[in-house]
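Work through the three exercises below with the sequence and the 3D structure open beside you, and try each task before reading its solution.

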Amino acid sequence: LVSRQFKREQTIVNVSGVQIGGPEVIVIAGPCSVESRDQILTTARAVRAAGAHMLRGGAYKPRTSPYDFQGLGVEALRLLKEARDETGLPVVTEVMSTEDVDLVAEYADMLQVGARNMQNFPLLRRLATTPRPILLKRGPSATIKEWLLAAEYLLSGGNENVVLCERGIKTFETELRNTLDLAAVALVKELSHLPVIVDPSHGTGRRSLIAAAAKAGIAIGADGLIVEVHPCPERALSDGPQSLDLTEFAQMMRGLSAPLRQL
Ligand code: PEP
Ligand code: MN
């Protein structure tokens with residue numbers, strides 16, 4: 001169902017009015033984790049002013065260590081909704097477990113399957129039955145075929161509103177947090193009718209590389225970007241080193257608009 005052989009026309013996923021996969025490249029921005037009311041509202045206002053189309057923010061965080069910040073849970077969902085209602089930006093946030101699907105779907109416009117859960121088959125089957133669109137991140141060690149088959153779980157279970165996200169994979173390289181697989185974006189656009197976006201934050205792990213990786217993602221055919229932005233990355237509770245501050249995000253957006261017009 002995900003293949004171009006099955007369906008030739010590009011799928012456009014509508015997330016509360018934002019069209020992903022259409023002629024316009026869309027940008028999703030916001031903090032890795034929702035940390036406080038002030039943090040999420042400040043970020044939401046700034047990314048909106050800079051031209052972002054959607055807001056991101058983690059409520060349930062899949063952290064490598066159980067001692068790291070795990071997210072504010074339902075409190076974060078409430079804050080995301082408040083930011084959404086004020087700015088009008090649709091919200092995407094991660095859901096980690098089948099038990100949380102209904103709750104997260106009540107607050108968020110789009111549900112994210114994190115890289116670590118790409119092959120959580122019970123979660124995929126459950127998400128196939130929600131009315132919400134899904135952002136399906138590529139697993140850190142997933143092949144392109146495994147990634148597309150994970151999407152196939154969603155489509156075959158009845159949810160056709162799926163956006164794929166390349167966020168970097170594990171390779172022998174250790175200088176970068178992940179290796180952003182840009183060729184995979186171009187190939188998946190050939191193989192599948194589903195929209196594909198790029199995450200230059202997790203894809204590089206370094207703030208200084210985000211703007212360049214974002215441009216490269218668009219140049220190779222991505223339908224959009226998801227970027228981590230924090231009012232004070234040095235104090236972020238998760239992923240500060242790969243988050244832009246508000247000024248840097250506005251700069252990145254200005255840098256994108258020139259190549260975007262040419263494309
Ligand atoms: C995130 O978006 O903050 C996140 C945890 O991403 P990933 O699942 O790609 O690591
Ligand atoms: Mn993150």
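A residue is called buried if 20 or more other C-beta atoms lie within 10 Å of its own, and exposed if 12 or fewer do. The model used here is a predicted one.

**Exercise 1.** Decide whether M110 is buried or exposed, and find which residues it touches.

*Solution.* Begin by placing the residue, since M110 lies in strand β6, which covers residues 110-113. Next, count its surroundings: M110 has 23 C-beta neighbours inside 10 Å, and therefore it counts as buried. Finally, leaving aside residues up to four places away in sequence, list its contacts, which are V15, P90, V92, R132, P133 and L135.

**Exercise 2.** Describe how helix α1 and helix α2 pack, and state which residues make the contact.

*Solution.* Two packed helices are described by the angle and the distance between their axes. For α1 (residues 37-49) and α2 (residues 74-87), the axes come within 9 Å and cross at roughly 30°, and the crossing is right-handed. On the α1 side the contact is made by R37, I40, L41, A44, R45 and R48, while α2 supplies L79, L80, A83, E86 and T87. Sorted by class, the residues of this contact comprise six nonpolar, one polar and four charged.

**Exercise 3.** Identify which residues surround ligand 1, and sort them by class.

*Solution.* Reading along the sequence, the residues around ligand 1 are C32, G58, P62, G114, A115, R116, K137, R167 and H202. Sorting this shell then gives three nonpolar, three polar and three charged residues.

How values were computed
Residues numbered from 1 in each chain as written. Chains lettered and ligands numbered in written order. Predicted model: local features only at pLDDT ≥ 70, side-chain atom pairs only at ≥ 80, totals over all residues. Axes fitted to C-alpha atoms, helices over the stretch in contact; angles between N-to-C directions. Helix = DSSP H or I, 4+ residues; strand = E, 2+ residues; numbered from the N terminus. Left-handed = near helix turned anticlockwise from the far one by under 90°. Contact = placed C-beta atoms within 7 Å. Nonpolar A, V, L, I, M, F, W, Y, C, P; charged D, E, K, R; others polar. Near = placed C-beta within 6 Å.
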